[in-house]
Amino acid sequence: MVDLEDVVTAAEALLPLGERADGNPAWQSAAAPTSWSAAHTVEHIADALTFYAGQIARRADRRLPVLRDGRAAPPGEQLDNVLTAAHVLTGQLRCLGAERAWHPSGLADAAGWAGMAVTEVLVHGTDAARAVGVRLELPAAVCARTVARVFPWIDRSLAPPAELLLGVTGRLAVPGVPSDPGWWWQSAPLQEWDGTPQRRDISPGWL
(Lines give C-alpha, C1' and ligand atoms only; values in the text may rest on other atoms or scores of the structure.)
Protein backbone atom coordinates (compact mmCIF):
# COMPACT_ATOMS: atom_id res chain seq x y z
CA MET A 1 0.00 0.00 0.00
CA VAL A 2 1.14 3.54 -0.69
CA ASP A 3 3.04 5.23 2.12
CA LEU A 4 2.05 8.90 2.47
CA GLU A 5 5.74 9.76 2.86
CA ASP A 6 6.27 8.47 -0.69
CA VAL A 7 5.36 11.93 -1.99
CA VAL A 8 8.35 13.51 -0.23
CA THR A 9 10.64 10.64 -1.24
CA ALA A 10 9.60 11.16 -4.87
CA ALA A 11 10.29 14.89 -4.65
CA GLU A 12 13.72 14.23 -3.19
CA ALA A 13 14.50 12.02 -6.18
CA LEU A 14 14.36 15.14 -8.39
CA LEU A 15 17.14 16.95 -6.51
CA PRO A 16 19.85 15.85 -9.00
CA LEU A 17 18.14 18.18 -11.49
CA GLY A 18 19.62 20.99 -9.45
CA GLU A 19 23.04 20.03 -10.83
CA ARG A 20 22.06 21.84 -14.01
CA ALA A 21 22.70 25.47 -13.21
CA ASP A 22 19.95 28.05 -13.57
CA GLY A 23 20.39 29.86 -16.86
CA ASN A 24 21.41 26.70 -18.70
CA PRO A 25 19.66 26.88 -22.09
CA ALA A 26 18.71 23.20 -21.80
CA TRP A 27 15.99 24.23 -19.36
CA GLN A 28 14.12 25.73 -22.31
CA SER A 29 14.23 22.45 -24.26
CA ALA A 30 10.93 20.62 -24.76
CA ALA A 31 10.24 18.00 -22.10
CA ALA A 32 8.71 15.35 -24.38
CA PRO A 33 6.08 14.04 -24.68
CA THR A 34 4.69 17.36 -23.43
CA SER A 35 5.04 20.61 -25.33
CA TRP A 36 6.33 22.34 -22.19
CA SER A 37 9.91 23.38 -21.56
CA ALA A 38 11.84 21.53 -18.87
CA ALA A 39 11.57 24.63 -16.67
CA HIS A 40 7.80 24.84 -17.07
CA THR A 41 7.50 21.12 -16.39
CA VAL A 42 9.10 21.56 -12.98
CA GLU A 43 6.77 24.50 -12.32
CA HIS A 44 3.85 22.24 -13.22
CA ILE A 45 4.85 19.66 -10.63
CA ALA A 46 4.77 22.25 -7.85
CA ASP A 47 1.48 23.59 -9.22
CA ALA A 48 -0.07 20.11 -9.26
CA LEU A 49 0.97 19.25 -5.71
CA THR A 50 -0.32 22.58 -4.44
CA PHE A 51 -3.63 22.04 -6.25
CA TYR A 52 -3.90 18.60 -4.68
CA ALA A 53 -3.21 20.01 -1.21
CA GLY A 54 -5.91 22.64 -1.68
CA GLN A 55 -8.50 20.10 -2.82
CA ILE A 56 -7.72 17.94 0.21
CA ALA A 57 -7.56 20.80 2.72
CA ARG A 58 -11.09 21.84 1.83
CA ARG A 59 -12.39 18.29 1.37
CA ALA A 60 -13.55 19.51 -2.03
CA ASP A 61 -16.57 17.99 -3.73
CA ARG A 62 -15.79 19.82 -7.00
CA ARG A 63 -12.85 21.41 -8.76
CA LEU A 64 -11.67 24.51 -6.91
CA PRO A 65 -9.86 27.43 -8.57
CA VAL A 66 -6.19 26.75 -9.21
CA LEU A 67 -4.20 27.93 -6.21
CA ARG A 68 -0.87 28.31 -8.00
CA ASP A 69 -0.25 28.43 -11.74
CA GLY A 70 3.44 28.91 -12.44
CA ARG A 71 5.55 31.92 -11.63
CA ALA A 72 8.72 33.59 -12.83
CA ALA A 73 11.43 31.81 -10.87
CA PRO A 74 14.58 29.94 -11.91
CA PRO A 75 14.44 26.13 -12.04
CA GLY A 76 16.49 25.79 -8.87
CA GLU A 77 13.82 27.63 -6.90
CA GLN A 78 11.09 25.65 -8.63
CA LEU A 79 12.74 22.40 -7.54
CA ASP A 80 12.74 23.71 -3.98
CA ASN A 81 9.07 24.59 -4.42
CA VAL A 82 8.39 20.99 -5.44
CA LEU A 83 9.94 19.71 -2.22
CA THR A 84 8.04 22.24 -0.12
CA ALA A 85 4.76 21.40 -1.87
CA ALA A 86 5.43 17.68 -1.30
CA HIS A 87 5.78 18.28 2.45
CA VAL A 88 2.62 20.42 2.54
CA LEU A 89 0.66 17.81 0.61
CA THR A 90 1.89 15.01 2.86
CA GLY A 91 0.69 16.94 5.90
CA GLN A 92 -2.72 17.34 4.34
CA LEU A 93 -2.84 13.63 3.48
CA ARG A 94 -2.21 12.74 7.12
CA CYS A 95 -5.08 15.02 8.15
CA LEU A 96 -7.39 13.55 5.50
CA GLY A 97 -7.54 10.23 7.30
CA ALA A 98 -10.43 8.14 6.00
CA GLU A 99 -12.11 11.12 4.31
CA ARG A 100 -11.98 11.77 0.58
CA ALA A 101 -11.74 14.74 -1.79
CA TRP A 102 -12.63 15.40 -5.42
CA HIS A 103 -10.24 14.86 -8.32
CA PRO A 104 -11.30 14.63 -12.00
CA SER A 105 -10.40 10.93 -11.95
CA GLY A 106 -12.57 10.16 -8.94
CA LEU A 107 -13.35 10.84 -5.31
CA ALA A 108 -9.87 10.03 -4.05
CA ASP A 109 -8.76 8.74 -0.68
CA ALA A 110 -5.37 9.51 0.87
CA ALA A 111 -3.64 6.59 -0.86
CA GLY A 112 -5.13 7.59 -4.20
CA TRP A 113 -3.95 11.18 -3.80
CA ALA A 114 -0.48 10.01 -2.80
CA GLY A 115 -0.24 7.71 -5.82
CA MET A 116 -1.33 10.48 -8.19
CA ALA A 117 1.14 12.90 -6.63
CA VAL A 118 4.03 10.45 -6.95
CA THR A 119 3.10 9.94 -10.60
CA GLU A 120 3.12 13.70 -11.23
CA VAL A 121 6.51 14.10 -9.55
CA LEU A 122 8.38 11.15 -11.00
CA VAL A 123 6.90 11.09 -14.50
CA HIS A 124 7.15 14.82 -15.19
CA GLY A 125 10.44 14.87 -13.32
CA THR A 126 11.72 12.28 -15.79
CA ASP A 127 10.42 14.40 -18.68
CA ALA A 128 12.41 17.39 -17.43
CA ALA A 129 15.50 15.33 -16.64
CA ARG A 130 15.65 13.90 -20.14
CA ALA A 131 15.38 17.39 -21.61
CA VAL A 132 18.30 18.72 -19.60
CA GLY A 133 20.43 15.58 -19.78
CA VAL A 134 20.24 14.42 -16.16
CA ARG A 135 19.70 10.80 -15.18
CA LEU A 136 17.31 10.28 -12.29
CA GLU A 137 17.18 7.20 -10.10
CA LEU A 138 13.50 6.64 -9.38
CA PRO A 139 12.88 4.99 -5.99
CA ALA A 140 11.85 1.42 -6.81
CA ALA A 141 9.72 0.76 -3.74
CA VAL A 142 7.81 4.03 -4.22
CA CYS A 143 7.20 3.21 -7.88
CA ALA A 144 6.01 -0.30 -7.00
CA ARG A 145 3.50 0.96 -4.43
CA THR A 146 2.28 3.66 -6.81
CA VAL A 147 1.68 1.28 -9.72
CA ALA A 148 -0.11 -1.19 -7.44
CA ARG A 149 -2.40 1.52 -6.05
CA VAL A 150 -3.33 3.75 -8.99
CA PHE A 151 -2.63 1.42 -11.95
CA PRO A 152 -3.86 -1.91 -10.51
CA TRP A 153 -4.48 -3.44 -13.95
CA ILE A 154 -0.75 -3.52 -14.74
CA ASP A 155 1.00 -6.89 -14.36
CA ARG A 156 3.81 -6.01 -11.96
CA SER A 157 5.89 -9.00 -13.04
CA LEU A 158 6.53 -7.51 -16.49
CA ALA A 159 9.34 -5.10 -15.63
CA PRO A 160 11.05 -3.27 -12.76
CA PRO A 161 8.74 -0.83 -10.95
CA ALA A 162 10.21 2.39 -12.37
CA GLU A 163 9.90 1.04 -15.90
CA LEU A 164 6.28 0.09 -15.25
CA LEU A 165 5.45 3.57 -14.01
CA LEU A 166 7.08 5.18 -17.04
CA GLY A 167 5.55 2.58 -19.34
CA VAL A 168 1.93 2.99 -18.25
CA THR A 169 2.26 6.78 -18.58
CA GLY A 170 3.68 6.57 -22.10
CA ARG A 171 7.29 7.51 -21.34
CA LEU A 172 8.85 4.12 -22.04
CA ALA A 173 7.96 1.15 -24.22
CA VAL A 174 7.50 -1.88 -21.97
CA PRO A 175 6.39 -5.17 -23.55
CA GLY A 176 3.00 -6.14 -22.19
CA VAL A 177 2.21 -2.68 -20.82
CA PRO A 178 -0.34 -0.86 -22.98
CA SER A 179 0.78 2.49 -24.35
CA ASP A 180 -2.50 4.36 -23.97
CA PRO A 181 -2.46 8.16 -24.35
CA GLY A 182 -5.77 8.16 -22.49
CA TRP A 183 -4.30 6.58 -19.34
CA TRP A 184 -5.89 7.61 -16.09
CA TRP A 185 -5.67 6.79 -12.40
CA GLN A 186 -7.71 4.56 -10.13
CA SER A 187 -7.87 7.30 -7.53
CA ALA A 188 -10.92 6.07 -5.64
CA PRO A 189 -10.30 3.22 -3.17
CA LEU A 190 -9.29 -0.08 -4.75
CA GLN A 191 -12.39 -1.84 -3.48
CA GLU A 192 -14.36 0.40 -5.86
CA TRP A 193 -12.25 -0.51 -8.90
CA ASP A 194 -14.33 -2.12 -11.65
CA GLY A 195 -11.48 -4.34 -12.84
CA THR A 196 -10.80 -2.51 -16.10
CA PRO A 197 -8.03 -0.05 -17.06
CA GLN A 198 -9.09 3.50 -16.23
CA ARG A 199 -9.22 6.00 -19.10
CA ARG A 200 -9.54 9.76 -18.92
CA ASP A 201 -12.55 11.62 -20.26
CA ILE A 202 -10.73 14.98 -20.38
CA SER A 203 -7.56 15.88 -22.25
CA PRO A 204 -4.27 16.15 -20.36
CA GLY A 205 -3.45 19.75 -19.52
CA TRP A 206 -0.18 19.60 -21.43
CA LEU A 207 -1.69 18.83 -24.84
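**Figure 1. Buried residues of helix α5 in the predicted model.** The buried positions of α5 are Val-142, Cys-143, Thr-146, Val-147, Arg-149 and Val-150. The elements that cover these buried residues include α1, α4 and α6. Of the residues named here, Thr-146 is also a contact of Phe-151, which is shown in Figure 2.

**Figure 2. Surroundings of Phe-151.** Among the residues with the most contacts inside the largest nonpolar core is Phe-151. When neighbours within four places in sequence are left aside, Phe-151 is in contact with Thr-119, Thr-146, Leu-165, Val-168 and Thr-169. Its contacts also include three tryptophans, Trp-183, Trp-184 and Trp-185.

**Figure 3. The largest nonpolar core.** This core comprises 65 residues. Those with the most contacts inside the core are Leu-17, Leu-49, Leu-89, Trp-113, Leu-122 and Phe-151. Two or more core residues are given by each of α1 (6-12), α2 (38-57), α3 (75-96), α4 (110-132), α5 (140-150) and α6 (161-168). Helix α4 supplies the largest share, 14 residues. In soluble globular proteins, nonpolar side chains tend to be buried together.

**Figure 4. Leu-79 and its contacts.** Leu-79 is located in helix α3. Leu-79 counts as buried because its relative accessibility is 7%, and buried means under 20%. Beyond residues up to four places away in sequence, Leu-79 touches Leu-14, Leu-17, Gly-18 and Val-42. One of these, Leu-14, is separated from Leu-79 by 65 residues in sequence, yet the C-alpha to C-alpha distance of this pair is 7.5 Å. Another, Leu-17, is listed among the residues with the most contacts inside the largest nonpolar core.

**Figure 5. The second largest pocket.** The space in this pocket is about 230 Å³. Its lining is formed by Thr-126, Ala-129, Arg-130, Val-134, Arg-135, Leu-136, Glu-137, Leu-138 and Leu-166. By class, the lining has 5 nonpolar, 1 polar and 3 charged residues. The largest share of the lining, 3 residues, comes from α4, the helix that also gives the largest share of the largest nonpolar core.

**Figure 6. Gln-198 in the segment after α6.** A polar atom of the Gln-198 side chain lies 3.0 Å from the backbone oxygen of Thr-196. Apart from neighbours within four places in sequence, Gln-198 is in contact with Trp-153, Gly-182, Trp-183, Trp-184, Trp-185, Gln-186 and Trp-193. Trp-183, Trp-184 and Trp-185 are likewise contacts of Phe-151.

Note on methods: Residues numbered from 1 in each chain as written. Predicted model: local features only at pLDDT ≥ 70, side-chain atom pairs only at ≥ 80, totals over all residues. Heavy atoms only, no water. Core = buried A, V, L, I, M, F, W, Y, C linked by side-chain atoms within 4.5 Å. Buried < 20%, exposed > 50% of the residue type's maximum accessible area, 1.4 Å probe, protein only. Helix = DSSP H or I, 4+ residues; strand = E, 2+ residues; numbered from the N terminus. Contact = heavy atoms within 4.5 Å. 1 Å grid on protein atoms, 1.4 Å probe; cavity = no way out; pocket = protein on both sides within 12 Å on 5 of 7 lines; lining within 4 Å. Points joined across faces, edges and corners; volume = space filled by probe spheres on them. Nonpolar A, V, L, I, M, F, W, Y, C, P; charged D, E, K, R; others polar. Polar contact = N/O pair within 3.5 Å; in protein donor to acceptor, adjacent residues only side chain to side chain.
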